[in-house]
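Hi everyone, thanks for coming. Let me put the structure up on the screen, and then I'll walk you through a few spots in it.

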Amino acid sequence: EYAAEKGIVIITYAGKVTIGEVKEATVKAIAIQKDKHTNRVLIDAVDMTAAPSISEMWALVQSYPELEVPRQTRLAAIRPKVPDKADVTGFFEVVCQNRCYNAKGFSTREAAEEWVRSDRRA
């Protein structure tokens with residue numbers, strides 16, 4: 001969805017999330033970004049109970065250039081409430097940064113929104 005008043009694309013995940021769902025959401029978010037001319041993306045995984053594997057997430061970020069993810073994109077990811085394997089946020093953050101995408105993980109939505117709307121680097 002797009003929060004026009006904040007200029008942020010919001011991707012919300014709940015329950016068990018597959019890599020197919022993540023890829024689909026990524027493609028939709030890119031389309032919204034281009035349509036609305038925004039580089040701010042908030043990934044809300046608070047209610048996620050199972051995430052794609054580490055290798056699937058690595059492959060997804062590796063595909064960002066092919067998917068035409070804008071280089072200026074700021075990706076703020078909110079960690080799931082359920083710890084352990086459902087939380088790949090830290091890995092996602094590092095892989096994105098290694099590929100020169102500005103991504104950062106957060107424990108609260110407020111902190112994530114504040115950062116994604118700022119000019120601070122991860």
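Look at arginine 74 to start with: its charged end sits over the ring of tryptophan 115, 4.1 Å from the ring's centre. Keep in mind that what you're looking at is a predicted model.

Now stay with that tryptophan for a second. Is tryptophan 115 buried or exposed? It's buried, because its relative accessible area is 2%.

So what about rings next to rings? In general, you describe a pair of aromatic rings by how far apart the centres are and by the angle of the planes. This structure has two aromatic pairs. In one of them, tyrosine 64 meets tyrosine 101 edge-to-face, with 5.2 Å from centre to centre and 85 degrees between the planes. What I like here is where the partners come from. Tyrosine 64 belongs to helix 3, while tyrosine 101 is in the loop between helix 4 and strand 5, so the pair links distant parts of the chain, 37 residues apart. Both tyrosine 64 and tyrosine 101 are buried.

Our tryptophan turns up in an aromatic pair too: phenylalanine 106 and tryptophan 115 are tilted, 5.7 Å centre to centre, with 45 degrees between the planes. Phenylalanine 106 counts as buried because its relative accessibility is 9%.

Okay, on to empty space. How many cavities of 30 Å³ or more does the count come to? Just one. The largest cavity holds about 310 Å³ of space. It's lined by 26 residues, and the closest to its centre are Tyr13, Val22, Ile43, Met57 and Phe92. By class, that lining has 22 nonpolar residues, three polar and one charged.

Which element gives the most to this lining? That's helix 1, with five residues. Other elements that each supply at least two residues include strand 2, strand 3 and helix 4.

Last topic: cysteines. A disulfide, as a reminder, is a covalent bond between the sulfur atoms of two cysteines. How many does the structure hold? Zero. Take cysteine 96: why no bond there? The closest cysteine sulfur is in cysteine 100, 11 Å away, and that's too far for a bond. Their surroundings are worth a look as well. Cysteine 96 is buried, because its relative accessible area is 0%, whereas cysteine 100 is exposed, with a relative accessible area of 55%.

That's my tour, so over to you for questions.

Methods: Residues numbered from 1 in each chain as written. Predicted model: local features only at pLDDT ≥ 70, side-chain atom pairs only at ≥ 80, totals over all residues. Heavy atoms only, no water. 1 Å grid on protein atoms, 1.4 Å probe; cavity = no way out; pocket = protein on both sides within 12 Å on 5 of 7 lines; lining within 4 Å. Points joined across faces, edges and corners; volume = space filled by probe spheres on them. Helix = DSSP H or I, 4+ residues; strand = E, 2+ residues; numbered from the N terminus. Nonpolar A, V, L, I, M, F, W, Y, C, P; charged D, E, K, R; others polar. Phe/Tyr/Trp six-rings, centres within 6.5 Å; stacked < 30°, edge-to-face > 60°. Buried < 20%, exposed > 50% of the residue type's maximum accessible area, 1.4 Å probe, protein only. Lys NZ or Arg CZ within 6 Å of the ring centre and 35° of its normal. Disulfide = S-S within 2.5 Å.
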